[in-house]
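Trainee: I am new to this structure and would like a close look at a single part of it. Please take one residue and follow what surrounds it.

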Amino acid sequence: GLSDAATDVMIGVKGSVEGATGSAQYGVLCNQIRPRRALYGRDRAMRIYQLADATASTLMMRTRLAGEEYLSHCDMGNRVALLSVRRLLLLGDDGKELLMVKYKQIKNVEVRQVPKPSGF
């Protein structure tokens with residue numbers, strides 16, 4: 001809330017001092033202390049700050065999902081699924097977009113827990 005607003009003001013002040021050729025890249029400053037808070041769903045609801053969600057939301061702005069409302073993400077080890085309110089985007093470990101699916105194209109979803117190898 002308040003700390004996010006203060007961060008946004010400081011980013012704006014720094015941007016105006018540095019000018020148009022500042023260190024901003026993709027709308028995110030490289031030396032920003034923490035990513036902006038994620039706002040969830042169509043209602044742009046605020047929740048407790050979660051670094052993983054904030055990072056995923058920031059990453060989403062660098063993809064074809066930019067401008068869509070962040071819903072959630074799923075870290076799958078060497079891949080990550082970014083979920084907006086309308087689409088799902090699967091990214092590889094190199095950040096390359098592997099799959100983009102609109103939810104209305106999905107007929108059925110099966111969710112299974114992956115068994116853990118013995119010894120863990």
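Is E68 buried or exposed?

Mentor: E68 is buried, with a relative accessible area of 7%; buried means under 20% relative accessible area, exposed over 50%, and partly exposed in between, with a 1.4 Å probe and protein chains only. Before going further, note that this is a predicted model, where local features need pLDDT of at least 70, side-chain atom pairs count only at pLDDT 80 or more, and totals for chains, interfaces and linings use all residues. Residues are numbered from 1 along each chain as its sequence is written, and side-chain values use heavy atoms, with hydrogens and water left out.

First, the setting. The protein chain has two helices and six strands, in the order α-β-β-α-β-β-β-β along the sequence. Helices (H or I, at least four residues) and strands (E, at least two) are DSSP runs, numbered from the N terminus. Of the 120 residues in the protein chain, 28% are buried.

Now the charged partners of E68. Side chains of opposite charge can pair when their charged atoms come close. A salt bridge is counted when a side-chain nitrogen of Lys or Arg is within 4 Å of a carboxyl oxygen of Asp or Glu. The side chain of E68 forms one with that of R87, at 2.4 Å from N to O. R87 is in strand β5 and E68 in the loop between α2 and β3, so this pair ties together parts that are 19 residues apart in sequence. R87 is buried too, at a relative accessible area of 17%.

E68 also forms a salt bridge with R86, at 3.1 Å from N to O. Because R86 sits in the loop between β4 and β5, and E68 in the loop between α2 and β3, this pair ties together parts 18 residues apart in sequence. R86 is partly exposed, at 48% relative accessibility. E68, R86 and R87 are thus linked in a network of salt bridges. The structure holds four salt bridges; one of them, away from this network, joins E110 and R112, with the closest N and O atoms 3.3 Å apart. Both E110 and R112 are exposed.

The next residue to look at is S84, in strand β4 (residues 80–84). S84 is buried, with a relative accessible area of 0%. A polar atom of the S84 side chain lies 3.1 Å from the backbone nitrogen of R86. Contact means heavy atoms within 4.5 Å. Beyond its neighbours within four places in sequence, S84 is in contact with M60, L65, E68, E69, L71 and Y103. E68 is therefore in contact with S84 and salt-bridged to R86.

From S84 the path leads to L65. Setting aside neighbours within four places in sequence, L65 is in contact with M60, L82, S84, R87, L89 and M100. L65 belongs to the largest nonpolar core, which has ten residues: A38, A56, M60, L65, Y70, V80, L82, L89, L91 and M100. A nonpolar core is a set of buried Ala, Val, Leu, Ile, Met, Phe, Trp, Tyr and Cys residues joined through side-chain atoms within 4.5 Å. The elements α2 (51–60), β4 and β5 (87–91) each supply at least two residues of this core.

To sum up, E68 is buried and linked with R86 and R87 in a network of salt bridges, while S84 is in contact with both E68 and L65.

Technical notes:
Polar contact = N/O pair within 3.5 Å; in protein donor to acceptor, adjacent residues only side chain to side chain.
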